[in-house]
Amino acid sequence: AYFAGSLPPLPESLASAGEFLRHHSVPRAVLAGDKQLTRYAAALAGRRGLVVAGMNPTGDWRERLGLQEQLLSSEDPRAVSQAAARYGIGYLLVGPAYLAKHSSLTLADLDRKRHLRRLHLAGEPSGDFVAVYRVGFP
C-alpha cells in the first residue's frame with residue numbers, strides 16, 4: 001500500500017525537488033529540514049533523511065533535532081558544517097510550513113547564511129514552494 005501523498009498527482013513543487021535531488025545529489029546524501037518534505041523528497045530521490053515525519057526516535061534524537069535548529073539559527077558556518085558532517089547532511093529542504101514554525105525566518109534570511117546556498121526553488125515563494133539548499137562551509 002502507498003501513502004496517498006506519494007501517488008500521482010504529486011504537488012509540482014515536491015515532484016520538482018525530488019527530481020532535482022535525484023539528478024544533482026549523490027546517492028548517499030542526507031536531507032534535513034521540513035520533516036514532511038524530507039520524508040517525501042528522500043523517497044522520491046532515493047536519499048536518506050536526518051529526521052522525517054513518522055520516524056521513530058533514535059538514541060540521538062535530541063541531537064538530530066538540535067542540528068535541525070542549528071541549520072536555521074546559527075551564524076557560524078564552520079560549526080554548522082562540522083555538525084552536519086557528522087551525519088553526512090548535504091541538503092536542507094524548506095517549505096512554507098517549516099518557515100511558519102520559525103516565524104522570524106524568510107527565504108531571504110536563509111539565502112544570507114554563509115553555510116547555506118540555495119540550489120533549487122520550485123513553486124512560488126509567496127505561496128506553495130520547496131527550496132533546496134546545499135549545506136556546508138564554502
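**Exercise 1. In which helix does leucine 44 lie, and what surrounds this residue?**

Let's take it step by step, keeping in mind that this is a predicted model.

- Place: leucine 44 sits in helix H2.
- Accessibility: the relative accessible area of leucine 44 is 27%. Buried means under 20% and exposed means over 50%, so leucine 44 ends up as partly exposed.
- Contacts: skip the neighbours within four places in sequence, and leucine 44 touches Leu10, Leu14, Gly18 and Arg22.
- A distance to check: leucine 21 is 23 residues away along the chain, and its C-alpha is 8.6 Å from that of leucine 44.

**Exercise 2. Work out how H1 packs against H2, and which residues make the contact.**

Start with H1 on its own.

- Helix H1 covers residues 12-24, which is 13 residues. From first C-alpha to last, H1 reaches 18 Å, close to the 18 Å expected at 1.5 Å a residue.
- The buried residues of H1 are Ser13, Leu14, Ser16, Ala17, Gly18, Phe20 and Leu21. These buried residues pack against E1, helix H2 (35-45), E3, strand E4 (116-123) and E5.

Now bring in H2.

- The axes of H1 and H2 are 8 Å apart, at an angle of about 50°. The two helices are therefore oblique to each other.
- H1 and H2 make a right-handed crossing.
- On the H1 side, the contact uses Leu14, Gly18, Leu21 and Arg22; on the H2 side, Leu37, Tyr40, Ala41, Leu44 and Ala45.

**Exercise 3. Do the same for H3 and H4: at what angle do their axes cross, and is the crossing left-handed or right-handed?**

- The axes of H3 and H4 come within 10 Å and cross at roughly 140°.
- Roughly antiparallel would need an angle over 145 degrees, so H3 and H4 count as oblique.
- H3 passes H4 in a left-handed crossing.
- H3 brings Glu63, Arg64, Leu67, Gln70 and Leu71 to the contact, while H4 brings Ala79, Val80, Ala83, Ala84, Arg86 and Tyr87.

**Exercise 4. Is serine 74 buried or exposed, and what does serine 74 touch?**

- Serine 74 is found in the loop between H3 and H4.
- Its relative accessibility is 14%. The cut-off for buried is under 20%, so serine 74 counts as buried.
- Beyond its neighbours within four places in sequence, serine 74 is in contact with Val80, Lys113 and His115.
- Leucine 105 is 31 residues from serine 74 in sequence, and their C-alpha atoms are 12 Å apart.

For contrast, try alanine 97. This residue is in helix H5, and a relative accessible area of 48% makes alanine 97 partly exposed. The C-alpha atoms of alanine 97 and glycine 136, 39 residues apart along the chain, lie 24 Å from each other.

**Exercise 5. How many residues are in the largest nonpolar core, and which elements give two or more residues to this core?**

- The largest nonpolar core holds 24 residues. Those with the most contacts inside it are Leu50, Ile89, Leu92, Val94, Leu110 and Tyr133.
- Two or more residues come from each of these elements: strand E1 (30-33), helix H3 (61-73), helix H4 (77-87), strand E3 (89-94), helix H5 (96-101), helix H6 (107-112) and strand E5 (129-135).
- Zoom in on leucine 110: neighbours within four places aside, leucine 110 contacts Leu72, Val94, Leu99, Leu105, Leu116 and Tyr133.
- There is also a second, separate core of 15 residues, which includes Ala17, Phe20, Leu21 and Leu31.

How values were computed: Residues numbered from 1 in each chain as written. Predicted model: local features only at pLDDT ≥ 70, side-chain atom pairs only at ≥ 80, totals over all residues. Heavy atoms only, no water. Core = buried A, V, L, I, M, F, W, Y, C linked by side-chain atoms within 4.5 Å. Buried < 20%, exposed > 50% of the residue type's maximum accessible area, 1.4 Å probe, protein only. Helix = DSSP H or I, 4+ residues; strand = E, 2+ residues; numbered from the N terminus. Contact = heavy atoms within 4.5 Å. Expected span 1.5 Å × (residues − 1). Axes fitted to C-alpha atoms, helices over the stretch in contact; angles between N-to-C directions. Parallel < 35°, antiparallel > 145°, perpendicular 65-115°, else oblique. Left-handed = near helix turned anticlockwise from the far one by under 90°.
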